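Trainee: I'd like to learn how to read aromatic rings in a protein model. Could you walk me through it?

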Amino acid sequence: MCGIVGYIGARDCTEVLMDGLEKLEYRGYDSAGIAVFENDIIKTVKTRGKLEEMQKKLQTEGKPTGHCGIGHTRWATHGEPSDINSHPHSNGRVTIVHNGIIENYIQLKEFLTEKGYVFTSQTDSEVVACLLDYYYAERDPLRAIIETVKELEGSYALGIIFRDFPDRVYATRKESPLIVGIGQGEYFIGSDIPAFLKYTKNYVLLGDDEIVCMNGQDISYFDVHGLPVEKEVSVAEWDVEQAQKCGYPHYMLKEIHEQPEVVRKMLNSAVKDGVPDFSEIGLTDDFMRDVKRIFVVACGTAMYAGMVGRYAIERLARVPVTVEVASEFRYMNPIVGEGDLVIVVSQSGETADTKASLELSKALGAKTLAIVNVKYSAIARGADMFIHTPAGPEIAVASTKAYTVQITALYLIAFRIAFARGTIDEEELKRLTAQLGNAPKAIKDIINNKDECQFIASQLVNAENLFFIGRGFDYALSLEGSLKLKEITYIHSEAYAAGELKHGTISLIEDKIPVITVATQSEVLAKTISNMEEVKSRGAFIIAICRRGTVFSPESVDIRLELDTVLEDMLIPLPTAAALQLIAYYTSVLRGIDPDKPRNLAKSVTTE
Ligand code: G6P
């Protein structure tokens, strides 16, 4: 959701900004723009649409040449996607780019209108430019920013340039990500590290309401009172290749292929002497033994990973686990408190509802554990305990490798909790951990078998509606498979617990409607098969995902995708997930959609 970039240094600023915006495309956007100082005059180019539109506009309007500027990709919240609503926004002597939501913008707009400011856009962001101008009476940029942020309610990351200072970029943030890149005599800002990774790996994280001022020679940080702050420079672990397609046609396909390796990394980082060990982060056996209840709170795919975790933890450790959608949890006055463990799961670590749920859980006295892919994110830093999922940068909007690594982390937690509570012994703990060690190969086997997924995709390409059914772990997988498919193919899809479909929804089953039946769990296989037959007898086109050799009655299945794996049932979601991701991916491509950039979606959802 919205990407911010900024640059000051010797390079061609427009190129750096456009390159950075391209790297942030994955966040989702519907318009873009840049503002660059050209001979002391700010030149702004912005447009509705994708970066290709921007490139065209830069050609027709002329590319600003300069060394200092800011840029933005906008994901519309207040006001439709249009040239006028696109950032940067200028008013008076100030030009800004903004990510986040200014919740009190109506009051601020009224105040500023009374003071004579005229607004041209429908955005909440334009009030920030006006307010900065209003407080710029003494021509002191730092003072103007300090006074402005005091009045802003909501979340913001801001890149700011002042007409009178063509050699400075200012930035500040609160509850929205903003990272400063430190080069040799050049500085960057970006919503995420890939925005400037090509130029430098050194970065600084700005705290809430901290302000950075960068000019070509120097960089300074201030707190909200204007006092200087010392900041620590960190070095990104990611390299440029990880944030590039490396010969794959899409990031999504590349990320699906990376899964065996990143699942292996997760195992390597959490397994010691053949068993999962989280004592270093404070998740000790003593704590796990006494925990009363567990909540897994997340959004989207991360929440579906939580469902797999729930089945595993409850089955092995016999602790009650509730999985909640973060946007509901935070407003449901949840019955959570001391003795409970709240696990928040997030790829980006910035999702607004997940973050608010984390804060609420802490305030209510629960212990919190974050399972997060972006180490430097707010959620990772805010939780009592933090497990890093080493999936590397996930660029495609639809989450794939982050999901499988989240599941892997949750399995390891389930094993350890079960051991701590005595529901499994050490031998079983070692056996399960070793079993999980087979997951990378099982995922690889599915990826090597991608032709079969491609064939299934060819059978789905013209579908208007389809269903996924499954029970237990297969139900959790159905939910994620269905989400993946609808996200990137725009085919209407619903996932049902296989036994629930007959309670109403079966009326939608008609001739040739595809029903993807996930049937990998032997305990409930017979039940799932009878549910599959119920829909088959009403004309459904059945695609079954099952273990090799699963016996179905003749003619009950139209296509089967068979998994060859030594993994036990509980762990089979890992290769199954890869199969469902590949089916969604190929269906998307066959439908002529760019799976990396599905319409209306944002990768990192920093608004409620
Ligand atoms: C967005 C993304 C989803 C993701 C969800 C949660 O909706 O499009 O792919 O699952 O946010 O994101 P998080 O970063 O918290 O995992």
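Mentor: Sure, and keep in mind that this model is predicted. Let's start with a burial check: Tyr 136 is buried, and Phe 162 is buried too.

Trainee: What kind of aromatic pair do Tyr 136 and Phe 162 form?

Mentor: Rings pair if their centres lie within 6.5 Å, and planes that are neither under 30 degrees nor over 60 degrees apart count as tilted. Tyr 136 and Phe 162 make a tilted pair, with 5.0 Å centre to centre and 40° between the planes. Tyr 136 sits in the loop between helix H4 and helix H5, while Phe 162 belongs to strand E7, so this pair ties together parts 26 residues apart in sequence.

Trainee: Which helices do Tyr 311 and Phe 473 lie in?

Mentor: Tyr 311 is in helix H9 and Phe 473 is in helix H17, so you're looking at a link between distant parts of the chain, 162 residues apart. Their rings are tilted as well: 5.5 Å between centres, with 50° between the planes.

Trainee: Is Phe 473 buried or exposed?

Mentor: Buried means under 20% relative accessible area. Phe 473 has 1%, so it is buried. Tyr 311 has 22%, so it counts as partly exposed.

Trainee: What lies over the face of Tyr 311?

Mentor: That's Arg 310, at 5.7 Å from the ring centre. Elsewhere, Lys 109 has its charged end over the ring of Phe 119, 5.1 Å from the centre.

Trainee: And how many aromatic pairs are there?

Mentor: The count is 12. Ring pairs also join Tyr 7, Phe 188, Phe 196 and Tyr 199 into a cluster.

Definitions and conventions. Residues are numbered from 1 along each chain as its sequence is written. This is a predicted model: local features need pLDDT of at least 70, side-chain atom pairs count only at pLDDT 80 or more; totals for chains, interfaces and linings use all residues. Side-chain values use heavy atoms; hydrogens and water are left out. Rings of Phe, Tyr and Trp (its six-membered ring) pair if their centres lie within 6.5 Å; planes under 30 degrees apart count as stacked, over 60 as edge-to-face and the rest as tilted. Helices (H or I, at least four residues) and strands (E, at least two) are DSSP runs, numbered from the N terminus. Buried means under 20% relative accessible area, exposed over 50%, partly exposed in between (1.4 Å probe, protein chains only). A charge sits over a ring if NZ of Lys or CZ of Arg is within 6 Å of the ring centre and within 35 degrees of the ring normal.
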